[in-house]
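Reader: I am new to reading protein models, and I would like to learn how to spot salt bridges and buried residues. Could you walk me through one?

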Amino acid sequence: MAQQQAQVKFTAVKPQLMVKTPKAVDAVNFYKSAFGAVEAGRSPCCPPPTAEQNLPNILCAQLELAGCSFVVYNDDSAPEKIEGIGNQLCLETDEVEAAISKAVSAGAVVEGEVTEGGGACCGGRVGKIKDPYGYVWLICSPSNKCAPVEA
């Protein structure tokens with residue numbers, strides 16, 4: 001008798017940004033300052049670091065931004081620098097230049113010029129920044145509707 005497969009329904013996709021231990025709190029503060037993220041929760045390290053270690057007491061923090069959640073995760077195995085483009089995070093706004101300027105004043109670095117049309121997913125304007133922790137963020141104007149996928 002064949003087993004029936006249970007239906008699986010996911011409730012969220014929650015990216016985890018891995019950051020080296022001493023910089024986890026700084027990363028949380030950067031995302032709050034640069035993008036206006038709101039800290040929804042924080043988990044302390046277990047066991048807490050000793051005074052001699054002089055490390056922040058944070059395992060991870062959940063941040064909310066534009067109706068989505070992501071986690072900044074304290075991880076000593078996180079790479080110092082991310083080589084190549086394995087992923088990018090995209091933020092949509094009508095104020096592309098202002099958002100880039102705010103992120104740069106918080107410590108991000110601009111990567112190229114703001115482009116329009118073909119350089120942006122489904123049209124629109126897009127600029128690229130790299131945050132102090134090596135993650136690439138696309139700051140995009142709201143995109144046009146992409147053409148539906150043909151079956």
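Reader: How many salt bridges does a search of the whole structure find?

Author: Happy to help! Keep in mind that this is a predicted model. To call a pair a salt bridge, look for a side-chain nitrogen of Lys or Arg within 4 Å of a carboxyl oxygen of Asp or Glu. Searching the whole structure this way gives four salt bridges.

Reader: Which residue forms a salt bridge with Lys-32?

Author: That is Glu-39, with the closest N and O atoms 3.2 Å apart. Glu-39 also meets Arg-42 in a salt bridge, at 2.7 Å from N to O. Another one pairs Glu-116 with Arg-125, at 3.4 Å. Through shared partners, Lys-32, Glu-39 and Arg-42 are joined into one network.

Reader: Is Glu-116 buried or exposed?

Author: Compare its relative accessible area with the cut-offs: buried is under 20%, exposed is over 50%, and partly exposed lies in between. Glu-116 has 59% relative accessibility, so it counts as exposed. Its partner Arg-125 has 24%, so Arg-125 is partly exposed.

Reader: And why does Ser-141 count as buried?

Author: Its relative accessible area is 14%, and buried means under 20%. You will find Ser-141 in the segment after β9.

Reader: Which residues does Ser-141 touch, leaving out those up to four places away in sequence?

Author: Ser-141 touches Glu-92, Thr-93, Val-96, Gly-124 and Arg-125. Take a look at Arg-125 again: its backbone nitrogen lies 2.7 Å from a polar atom of the Ser-141 side chain, while the side chain of Arg-125 meets Glu-116 in a salt bridge.

Conventions. Residues are numbered from 1 along each chain as its sequence is written. This is a predicted model: local features need pLDDT of at least 70, side-chain atom pairs count only at pLDDT 80 or more; totals for chains, interfaces and linings use all residues. Side-chain values use heavy atoms; hydrogens and water are left out. Helices (H or I, at least four residues) and strands (E, at least two) are DSSP runs, numbered from the N terminus. Buried means under 20% relative accessible area, exposed over 50%, partly exposed in between (1.4 Å probe, protein chains only). A polar contact is a pair of N or O atoms within 3.5 Å; within protein, one must be able to donate a hydrogen and the other to accept it, and residues adjacent in sequence count only if both atoms are side-chain atoms. Contact means heavy atoms within 4.5 Å.
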